[in-house]
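Student: I am new to this structure and would like a close look at a single part of it, the aromatic rings. Could you take me through them slowly, in one connected account?

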Amino acid sequence: MASCETTDDLVSQLTIEEKVSLLSAVDWWRTPTIKRDNVLVPHIKMSDGPNGARGESYVSGITAACFPCSTAVGASFDEQQAYRLGEEIAKETITKSANVLLAPTMNIIRSPLGGRNYETYSEDPCLTGILASAFVRGCQSQGIAATPKHFVANESERFRTKMTSNVDLQTLREIYMLPFQLVLRDSDPWCFMTSYNRLNEEYCADSRWLLEDILRKEWGFSGLVVSDWMGTYSTAKALIAGMDLEMPGPTRWRGEKLITEVEAGTVSVEVLDKSVRRVVELAKKTGRFDDPVEKPERSVEDPDRMEFITAVAADGMVLLKNDNNVLPLSANASVAVIGHFSTNPSIGGGGSAKVLAQHIISPLYGLESRGVKCRHAPGVPVFGALPHADAGSITDVQLRWFNSSVVGDNLAHEQTIKQPEYMIKEAWPSYLNKEYCTSMSFNLTPSSSGDHTFSVITTGKADVLINGNNVFHRVQEPVLLPESFYFYKAKIERRFTFPMTAGEVYNVELRSWATDDEVLSKIGGTMFQGASLRFMEHVDIPGAIRDAADAAEASDVAVVFVGTTNEMESEGYDRDTMDLTSDQYDLIAAVAGRNTKTVVVNLSGSPVTVSPFINQAPSFLQGWFAGQECGHAIARVLLGDVNPSGRLPMSWPRKNEDNPAYPNFPCDDDLDLNYEERLKVGYRFYDDESSPTPEFHFGQGLSYTSFALHGEPKFTACFESAEHTGVSLSTELRNTGTTGGKQVIQVYVTLPACDGNDRPVKELKAFRKVLVPAGESETVTFKLDKYAFSYFDSSTAMWVIPEGEFLVHLGFSSVELLQTSRVSNVKRHSWTGL
């Protein structure tokens, strides 16, 4: 494309077949390249996701920087950190030679059991929208397209490609669509991604109302709309609705099918050209015409980036209990460091956001590297599916592929890998037939004697041989889903035990076969095929707990690391329970019973049940999935280098039954997910006097210092019209303690009676994180616009600023309101758009 050539000029030179080809991908990540005569349209490459730019690691094995999960970023309440995060992940995206980053995730945390809660920011649309906007601006400052997703009402994973989210219009606009509206108000995203689900019976990817009437016309979006992966459900309807690009490839709904629809006149050339222009424009924005050759992927360990990952992880950690100032740890304290996650931390959730990290800094390493005198006890193992064998106990794995049903016949390919696991995902290997088998062999040396456990996870039949003897046969699983190996390993895992002797070398081989044709036919022939052999030495659970308690008693302070894993919190399914594994509760009880200075650090992306220990343990820190620098970040908080300033971005119920979505979550077997709590999501529900009290409130978090709002707030107000509605509010934040620290001031607004509409007691409308040195003060000013004083009137399909008195609250959490101002509007105003 010549520099002077316009997009229209280029599109006019394309044939119908070429135009159609541009509206679907050629492989898992790329659009096609068109190159002929004087015509060039370079391909566009995409990459997941919110927690790091993974690239094609399932195929390439190239690592990527793993950033803290999005709930950790939400807990930071820090717009500047979100902007920098967008910048840094975009820089990582460049190292993966990708042009589009599939982030940020902007769905609302409706239930604590949502499988992808860790991928998004908050239960609150204002917090979600503001942080996502900052992320988009940061990302696109580096020339990488951001992709707000999943539009819309994709808060549950169960039956996500078939179910319908049934949401009334007001709730939809005020809670679930509002973050996307804010991201268009405050940034200019180049892409948008539709969700898998149906909305009020119609697929979001087919909805002209969503994509054309609201997204493009009302909100002014001019970029590219891309489907979620395998989330296209029609040919003509989706394109006419405004869903431009089907991902991934090869196409299932476009290609010849779309050419037929164009020739029949069902899809006009005008509609076709609009979407083609958007593809070309995205290629221009991301610099593809300037540099059309894709470079190899790289993994770059950047010290500045690692420092940022550490800082943002620490900034988001939430101190929720600290009786008797157990934290920060004193410099000379001896510390018992206890738990599976002390050496094997969960750094991210599962699914498409999962990153093959460049390295993982454990909490034990983080503390020891700071000179802390540590006494380590591994505690109890925590896993969904069995974990892989410890790296020190196995040799490299020899993986051989055979184009045959007989292992050893017709060798097609061989390679060396670090763990006995493979998955055929992005593309079918060119060397491999559809009928194939594999052999993965390695030597294993256990460090202890006993009946040790193996697990076999495969999409076909498999055999396990130890020292040449067949010791286990895994039959073909009769019913599978396309993503069974990707998301549901724990459900297709089969375990067996085998007696082994410490120090003895065992030759282990997993032989596996292609998925049976009959099983494939039930799911349309498409599946991520794979095989994995996991191993864990026998653990004496009561003995491990006794050892941990002994270590705790012998130390000044005990720190117990607990949490979930990326197979417990993952895309593809919702959690079954808020509870930790029962052994973890037993571990905490034993440790806290022997050491009155016990700190519990929880690593998860969502709330967990804490009632079994919260009254016994004097200190509790929510550490989230903190990314690859997890151990360094935790050490900074525990040692007081970082004063905790994270605040909960969601309400934390005492038990799952207390949360407002409980009667309607997850999706039922009739494929209906009803949003019957309407506007009463999270703190909007718990604010009602009749609601149960949560364990911890939205916006809550402790510090190593203390803060106060001083004096009376100063404000000016104007309600002349919708566009000239504004309230300027300032207050003085004082650090009344002896340590410098950051505080989050939260602004909530209570609306007047709205035509009998059942409003929440109050709603978050602004926030600011402020650093204040010990003993000093900072003046903080907020400017509130029409969004802060409006509700959505479904009868007129417009936003309304009602007549009456508004209460504007300043506070440190949803229950700690410290200052209230009253402002009045004398005339009702209506508005639409941004």
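Tutor: In this predicted model, a good place to begin is one aromatic cluster, which is formed by Trp-28, Tyr-486, Phe-487, Tyr-488, Phe-528 and Tyr-573. Two of these cluster members, Tyr-488 and Tyr-573, deserve a careful look as a pair. Counted by the rule that ring centres lie within 6.5 Å, the aromatic pairs come to 37.

One of them is the pair of Phe-454 and Phe-496, whose ring centres are 5.3 Å apart and whose planes meet at 10°, so this pair is stacked. Phe-454 belongs to strand S18 (residues 450-458) and Phe-496 to strand S21 (residues 493-500), so that the pair links distant parts of the chain, 42 residues apart. Phe-454 and Phe-496 are both buried.

Returning to the cluster, the rings of Tyr-488 and Tyr-573 have centres 5.5 Å apart and planes at 40°, and the pair is therefore tilted. This pair, too, links distant parts of the chain, since Tyr-488 lies in the loop between helix H15 (484-487) and helix H16 (489-492), while Tyr-573 lies in the loop between strand S24 (557-563) and helix H19 (582-594), 85 residues apart. Tyr-488 is buried, as is Tyr-573.

Rings also meet charges here: the charged end of Lys-434 sits over the ring of Trp-428, 3.8 Å from its centre, and Lys-257 lies over the face of Trp-253, at 5.0 Å from the ring centre.

Conventions. Residues numbered from 1 in each chain as written. Predicted model: local features only at pLDDT ≥ 70, side-chain atom pairs only at ≥ 80, totals over all residues. Heavy atoms only, no water. Phe/Tyr/Trp six-rings, centres within 6.5 Å; stacked < 30°, edge-to-face > 60°. Helix = DSSP H or I, 4+ residues; strand = E, 2+ residues; numbered from the N terminus. Buried < 20%, exposed > 50% of the residue type's maximum accessible area, 1.4 Å probe, protein only. Lys NZ or Arg CZ within 6 Å of the ring centre and 35° of its normal.
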